[in-house]
Structure formats: structure tokens, C-alpha cells
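Below are some notes for a colleague who is looking over this model, set out as numbered points. Please read them with the sequence and the coordinates at hand.

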Amino acid sequence: MQNNELIEQLNLPYRPEAFIRITFDMIDPDTNPIKSVNGETNYSDFANLDEEKEQEKNYATLEKNFWRLDDSQPLLESEELYQKYTSSYMSNAECIYEEKPQIQLVSDEYVTTVGITISFDRITEDYPSLLNIKAYKDDKEIMDKDYEIHDFKENLIFADNEELVNWNKIVITILKSKYPYRRCRIQQLIVGIREVYKKENIANAEVNEKRTFINSVLPIHNFKFCLVNKDQKFNPDNPQGWYRYILEKQPIKYEWGYTMPDGNIEWVLAGQMLLSGSVEADDKTATFSATNIISYLSDIYKKGVYRQDGASMYDLAIEIFNDSELGPANYVIDEKLKSIYTNAPLPKLPKNQLLQLIATASKCELYVDENNVIYITPVKHEIIDTIEKNLI
């Protein structure tokens, strides 16, 4: 739900300047190393460092030129804040950490990644000026690099795709801070690469959405976008490029931005999508296609059986989701389906078509929201006609 000010802007006879922003992830969903850290404050939430939830404020702490006396930074326990990693260690007058904040990533399997993406404190735009990354294969050190950081960026990418091969342990050590007497603050750490592309990097984009309230077709949400490829990152002929790390079902996100009266841009989530896994690249551009999660539930379901006592539509839908290895975070099913029973076995059809049948039989609507969550819920709209939208 967007604020009223944005809605007023969109209802003006002449709309404000619009923008598009694409967050592109090159992250293997099966890579999930165990993260550990030393020197953590008691209020930081290191365990959830891969979450996207944005931090709005920092607690006030006694660091040089850090605590703003304008009531923008509350004291600890004065209010409940969502906080990411904050080190208990503080740098000295020369910005050196005598006790060094250190993060370890340990995997049960050997992992090959294109890099590491770290987001430091976006609130104060503070960051370490020097850090070290070591990678190991068992007891053998396969990488040891110092990185100097000179400017703040929303995501800092440490890409060494020739060295981060078959590792099972990475150690990140913070050596120096940008300012003296500062704690290290990290808002996100991702094993892989997260790039944010804006209008200067996007050649064009095309959206195709289709959804019916009577489930006559499966909900469609396709997104095709073309990125400027002058640096040849996505060229398959570039041995240092990222082409070989593009996988099917890698997540992308696109947002629309609108200029508000104060000149700031309000960003609206348009869709969380999954890549098709293929890319058309040349010397100038790289074109990608993405779709919603339900499009991938196209394999045939073969576990339908006759049940003498019947099964609820709710349980049948859960069986399909479980067989697709989707958890409760990926779907919402209305409770009314628990009271609708059938003893007819599910036919041998694609799983998404079976969900379509279950929704229709339950007088519900099957759709996928902008967060890529599948819904089977009663229709809450006046049914007028099919909605079809194409935006280019």
C-alpha cells in the first residue's frame, strides 16, 4: 500500500517523471553457508543478515561525530528498532581496529561463487576503508586479498570469480574504518552478486500481465529487460564475465519510481520475478526474460489417488505445493478450502493447471502478487472483464 501523496501524484492530469529500477541477483539459491561473527553487540541481528528488510534508524552510541542530537537516533531500549550487525569493537584514533570484527562463512559443500556483496550502513553512508577476504578449500588457502574502499555505494561487490572456486570457508576481516572511533555496521551480506540497474543502465523493458477472476487462464506476469553491456559483463566470450553464473530461477526485482513534490523518488514494487536462465548478449546490450513462480510449476503431477473419505481442496493444494518444494512463505490459501471435499483423484496434469482447477472448484481466484506469492482466495472484486496489461 503506497502513501496518499503518491496516489494524488498519479491522479494528476500530467504525471510526474517516472523511473525504473531493476535489482539483479546472481545468487545460487542452493548456496546457504553458515554465518558466524565475533564482537557482536547484544542488539544486532547478524543471523538475518541476508534479509532485505531495510533498517530505518541506528541506536545512539558514543562514537565520535556519530550521535546526532536531533532526536533522530533513539537510545537503546527507548524504542524497539530493527537492527542489523553492529560490532562491539571500535576503531582507534588512526581508524584501525585493534580487535578486528570478523565474519566467517562455512559451507558443508564446496561452493563456486562469482563474488560477495556487502551493504554497509546506508543510514549514515559509513563504511570500512579497508577489509580483507580470505577463502579456503578445507585447510588450503585459495584467496587472500585486501580491498580498499574509497566511496559509499548501496551494494559493494567483491568479485573474484577466478578465485572463489570450490571453497567451503570464507573469512571477512574489517581492518580500518572510514572515520576514527567507529563501530562496523553491516546491513546485508549476500553470497553472490546483487546489482541495481537504473535508467542509465537500462536500454528498454517490457511487461506483460494477464489475470482473470474466473481462472480461464493461468495468471501471467512476464518481464523482459535489456541492459547496457558496454563493460561486456554478460558477453559469453568474456572469460572474466558473469555469463556462466546466470542460472534459471535466479531472482530479480523491478520497481517503478515516481517523482514526488519534494523532488524525492517514491519507489513502488512492481514484481519479484525468476529468470528464465538464458541471455541474449552482444557487444552493446544483454537481454533477459523473467516470469512469475507459477509458470515454473509446469511438471506433471502423478500422485493423484482416490480417497474413499475424500480430501479437502486445501489439503490437495498443500500436497501440490509440498511436491513442488514450496513452503508457506510461497503461498496463501483461504481457510474456506478446508470445508470443500472431493474423493476424485487429481488427474495427471501440470501442477499449475491443477491449482487452477482447485481454485475454480472452490469459487476462488488464483493469482500471484507482486512479491511472487501464489494466492488461492475468494474473489474480492466486482467481475467486469478480463484484465490484460502490456507496458513497454
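1. The model is a predicted one, and a convenient place to begin is K249, which is found in the loop between β13 (220-228) and β14. Although K249 is not a glycine, its phi is positive, at about 75 degrees. As to its surroundings, K249 is partly exposed, because its relative accessible area of 40% falls between the limits of 20% for buried and 50% for exposed.

2. A second residue with a positive phi is E325, where the angle is near 60 degrees and the residue is again something other than glycine. E325 lies in the loop between α2 (313-323) and β18 (331-333). Its relative accessibility is 74%, and E325 therefore counts as exposed, the cut-off for that class being over 50%.

3. The loop that holds K249 leads to β14, and strand β14 (residues 251-259) is joined to β1 by seven bridges, the two strands running antiparallel. Within this pairing, R21 stands opposite E255 in β14. Strand β1 also pairs with strand β11 (residues 193-197), likewise in the antiparallel sense, over five bridges, and here M26 has I193 of β11 as its bridge partner.

4. Is strand β1 (residues 18-26) mostly covered or mostly open? It is mostly covered, since eight of its nine residues are buried, which means that each of these eight has under 20% relative accessible area. As a general point, side chains in a regular strand alternate between the two faces of the sheet.

5. An open sheet of five strands deserves a separate look: its order is β2-β4-β9-β6-β7, and the pairing is antiparallel. The edge strands are β2 (34-37) and β7 (140-148), each of which pairs on one side only. With direction ignored, neighbouring strands of this sheet are turned by 15 degrees against each other on average.

6. Inside that order, strand β4 (residues 102-111) and strand β9 (residues 167-177) are paired in the antiparallel sense over six bridges. One of the positions that can be checked in the coordinates is Q104, whose bridge partner in β9 is V171.

7. Which residues does R122, found in the loop between β5 (115-120) and β6 (128-137), touch beyond those up to four places away in sequence? They are E54, F152, E154, N155, Q187 and Q188. In addition, the side chains of R122 and S119 are joined by a polar contact of 2.8 Å.

Methods:
Residues are numbered from 1 along each chain as its sequence is written. This is a predicted model: local features need pLDDT of at least 70, side-chain atom pairs count only at pLDDT 80 or more; totals for chains, interfaces and linings use all residues. Side-chain values use heavy atoms; hydrogens and water are left out. Buried means under 20% relative accessible area, exposed over 50%, partly exposed in between (1.4 Å probe, protein chains only). Helices (H or I, at least four residues) and strands (E, at least two) are DSSP runs, numbered from the N terminus. Two strands pair if DSSP finds at least two bridges between them. A polar contact is a pair of N or O atoms within 3.5 Å; within protein, one must be able to donate a hydrogen and the other to accept it, and residues adjacent in sequence count only if both atoms are side-chain atoms. Contact means heavy atoms within 4.5 Å. Axes are lines fitted to C-alpha atoms, for helices over the stretch in contact, and angles run from 0 to 180 degrees between N-to-C directions.
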